[in-house]
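Please find below a colleague's note on the packing of one structure. The points are numbered for ease of reply.

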Amino acid sequence: MCGYDKTTKKSFEHRKVWLVERIQKLAAIFTIDVAAYAVMSNHYHIVLRVNTDAADALSPNEVLSRWHTLCQPKPIVVRYLQAKQQGKTLTESELMVVNDCVKDYRQRLTSISWFMRFLNEFIARQANLEDKCKGHFWEGRFKSQALLDDVTVLACMAYVDLNPIRAKMADTPENSDFTSIQQRLGILPKAVETDNHQNKDGSQKHKTATPNDNLTAIAPAQLLPFVKANNESVPNFKRSNSHIPFSLIDYLELVDWTGRQIRQDKRGFISLNTPSIIQRLGLTDEDWLAFSTGIENQYSHSVGQRFQLQTYAKNHQLKRVKGLRQ
């Protein structure tokens, strides 16, 4: 999909660039923040945070503007915008229809399903165009898990950022191409395709042009930031949904330490420099390792500690939740 094809001896690494750029641009349109991502050769992982407060704060015109960056406006909305420019107004019934559109679009701007639709459909169309074929590009619909607490968010982010290391595609987080942790460190992927790139068989491969779409002028969104390290020591400091409630340096230490534990050549080795964040979360080393390495296998639609899983099951009227032992 996005790696090196041994059969055709062609590299499709440039599609990873498509994915990362599309994620960043969609995040700038939707009120959805990107906390972590990792683009592999045949799949990708992404950690998202839905920002409903930001969606609620958008004016009707801002909602329409954002949504129409992705889709053509309905005729009634076109008439509304034209009338607004001319200082005119629509009838009461027409305004009710426009308001219903705004309400619908506002909800869609917080929808992970719509986010993934515009992401996966675009990549599929571009890949099929490049391959000169038709049909399904993705194996199936995306799978999602609800992250119920701060521990879960950090564990899932670490799980995602360590994907290339577990797949033996990289040996350190900073060398893990097309991951959020590499982006946070300000390091460009060394695998980014350049002009006159050569395939592994020595044949010449010309650089693929950037896909044409209507998001070219959209400035890419930044990753959901961590709180600054010195902020937590400030008196009366209040955490905000606008950032991840831990410092970046703690997270980097956490990822590095976790990565060393799950590498096959260092299994069972516990570093003396265990990050303080683990103690602050009230976890033991063993708890953290079990939690951060079992995101996909031990949990299903939701991931969290016992209390959060119990609350999730009650709110969704579920008798059983995978990962919650009776």
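The points below cover the basis of the model, its nonpolar cores, its aromatic rings and its cysteines.

1. This is a predicted model, in which local features need pLDDT of at least 70 and side-chain atom pairs count only at pLDDT 80 or more, while totals for chains, interfaces and linings use all residues. Residues are numbered from 1 along each chain as its sequence is written, and side-chain values use heavy atoms, with hydrogens and water left out.

2. The largest nonpolar core (buried Ala, Val, Leu, Ile, Met, Phe, Trp, Tyr and Cys residues joined through side-chain atoms within 4.5 Å) has 43 residues, of which Leu26, Phe30, Leu70, Phe115 and Leu119 touch the most other members. Helix α6 contributes the most to this core, with eight residues. A second, separate core of 19 residues includes Ala35, Val47, Ile181 and Val255.

3. There are eight aromatic pairs (ring centres of Phe, Tyr and Trp, the last by its six-membered ring, within 6.5 Å) in the structure. Trp67 and Phe118 pair edge-to-face (planes over 60 degrees apart), at 5.7 Å centre to centre and 80° between the planes. Trp67 lies in helix α3 and Phe118 in helix α6 (helices are DSSP runs of H or I, at least four residues), so the pair ties together parts 51 residues apart in sequence. Trp67 is buried (under 20% relative accessible area, 1.4 Å probe, protein chains only), at 2%; Phe118 is also buried, at 13%.

4. The count of disulfides (cysteine sulfur atoms within 2.5 Å) is zero. Cys71 is partly exposed (between 20% and 50%), with a relative accessible area of 23%, and Cys133 is partly exposed at 36%.

Definitions and conventions:
Helices (H or I, at least four residues) and strands (E, at least two) are DSSP runs, numbered from the N terminus. Rings of Phe, Tyr and Trp (its six-membered ring) pair if their centres lie within 6.5 Å; planes under 30 degrees apart count as stacked, over 60 as edge-to-face and the rest as tilted.
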